[in-house]
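The following exercises ask the reader to work through selected features of a protein model. Each task is followed by a solution in steps.

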Amino acid sequence: MRTRVTVVTVTYGRRWHYLQQVLAAVFKQGVGFAVVVDNASADDITNRVSKVFKDRVKVVSLSTNTGSANGFKVGIEEALKIGSELLWLLDDDNKPNPFALDKLLYSYSSLGKDFSKDNFAVLAFRCDHQADISVGVPLNRCYPRLGSFFGFHLLDVPYKIWRRTPWGKPRVPVALPSLISIPYAPYSGFFFHHSLIDRIGLPNTDLVLYADDTDFTSRVVSLGGMIYLVTDSLIEDLEKSWNTKSQFSSSFRGWLCGSGDLRAYYGARNQSYIEHNKTSKSFIRSVNRVVYLTLLTAVAVSIRRIPRLRLLLEAVHAGETGQLGLDKRFPLP
């Protein structure tokens, strides 16, 4: 069954040192083929891949960096074109641990007895990315409530205060459930049958990058399907994610101090777009929006990050009014 799996990944910049490790790891685990979308990388990806991995990899080269949404769209389309049955999406720095694929396949096969192939997906586990799950936060609090704004909901405030006390601090569990139902997933580690695309469609290229994977994968659940996190299928992030929660004391500081206006703008715009489309007429989201932006403004003033605050407010407006696509102020490197 492993040989029926096609890995799809997207690379850019100078990241061959990551990509090479990822491809070597997946082929060692028995993956049959890989599609690499070269988003105008500075490395000679086609030549390097050919020398090391021969004809086991198809490289699709793009003339400019088009972002993750278009990159994965192109990669998935190429995988479907060559007749791939099972697709495993990975970022170019997601190195699966030994037996990660076997664990995914075992869970996929078991779940396939209860779900049609076009109605579920499984996801490998990245401890840093799913940090709340890793440290023992109750599963019903690991993902934002409906009506949240940037993940903030007033009903969660008491718990957030409680978890910062010695009594309420989450306890790292001895063992996690082997399967955890989740509402959406990153591209990183997302595993599914090709027929799922007929049901949910392809990534929305207007989102360019950041949260485009949330929009793409959440369609599985919104259309009545399921996504399961497989907690014993582990992936190592060779490069630490820029917005990992542990880097900042609060989400306010994460947005205001996180590296790069490009990341902040596209991330905030797309987050706002997705939440607005889900609950645009929700009273509670409007309340959460006012409270969150008021607190964000107060923090920005206190740490003197007013230019970033203005940019974030512009991004929120753009997302809520559907002004998507590539912003000329922030071309992709």
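**Exercise 1. A residue in a loop**

Task: Determine where Arg 304 is placed, and whether Arg 304 is buried or exposed.

Solution. Step 1: Arg 304 is found in the loop between helix 11 and helix 12. The model under study is a predicted one.
Step 2: The relative accessible area of Arg 304 is 75%. Exposed means over 50%, so Arg 304 is exposed.
Step 3: The backbone of Arg 304 has a positive phi of about 60°, although this residue is not a glycine. As background, most residues other than glycine have a negative phi.

**Exercise 2. Two helices and their crossing**

Task: Describe how helix 11 and helix 12 are arranged with respect to each other.

Solution. Step 1: Two packed helices are described by the angle between their axes and the distance between the axes.
Step 2: For helix 11 (residues 283-302) and helix 12 (residues 306-320), the axes come within 9 Å and cross at roughly 160°.
Step 3: Angles over 145 degrees count as roughly antiparallel. Helix 11 and helix 12 are therefore roughly antiparallel to each other.
Step 4: The crossing of these two helices is right-handed.
Step 5: Helix 11 contributes Arg 285, Arg 289, Leu 293, Leu 296, Thr 297, Ala 300 and Val 301 to the contact. From helix 12 come Ile 306, Leu 309, Leu 312, Leu 313, Val 316 and Glu 320.
Step 6: Sorted by type, the residues of this contact comprise 9 nonpolar, 1 polar and 3 charged.

**Exercise 3. An aspartate and its partners**

Task: State whether Asp 237 is buried or exposed, and identify the side chains with which its side chain makes polar contacts.

Solution. Step 1: Asp 237 belongs to strand 9 (residues 226-237).
Step 2: The relative accessibility of Asp 237 is 18%. Buried means under 20%, so Asp 237 counts as buried.
Step 3: Leaving aside neighbours within four places in sequence, Asp 237 is in contact with Asp 93, Asn 94 and Arg 126.
Step 4: The side chain of Asp 237 makes a polar contact with the side chain of Asn 94 at 2.9 Å. A polar contact also links the side chains of Asp 237 and Arg 126, at 3.0 Å.

**Exercise 4. A positive phi in another loop**

Task: Locate Ala 40 and classify its accessibility.

Solution. Step 1: Ala 40 lies in the loop between strand 2 (33-39) and helix 2 (45-53).
Step 2: With 33% relative accessibility, Ala 40 counts as partly exposed.
Step 3: Phi of Ala 40 is near 55°, a positive value in a residue other than glycine.

Note on methods. Residues numbered from 1 in each chain as written. Predicted model: local features only at pLDDT ≥ 70, side-chain atom pairs only at ≥ 80, totals over all residues. Heavy atoms only, no water. Axes fitted to C-alpha atoms, helices over the stretch in contact; angles between N-to-C directions. Helix = DSSP H or I, 4+ residues; strand = E, 2+ residues; numbered from the N terminus. Parallel < 35°, antiparallel > 145°, perpendicular 65-115°, else oblique. Left-handed = near helix turned anticlockwise from the far one by under 90°. Contact = heavy atoms within 4.5 Å. Nonpolar A, V, L, I, M, F, W, Y, C, P; charged D, E, K, R; others polar. Buried < 20%, exposed > 50% of the residue type's maximum accessible area, 1.4 Å probe, protein only. Polar contact = N/O pair within 3.5 Å; in protein donor to acceptor, adjacent residues only side chain to side chain.
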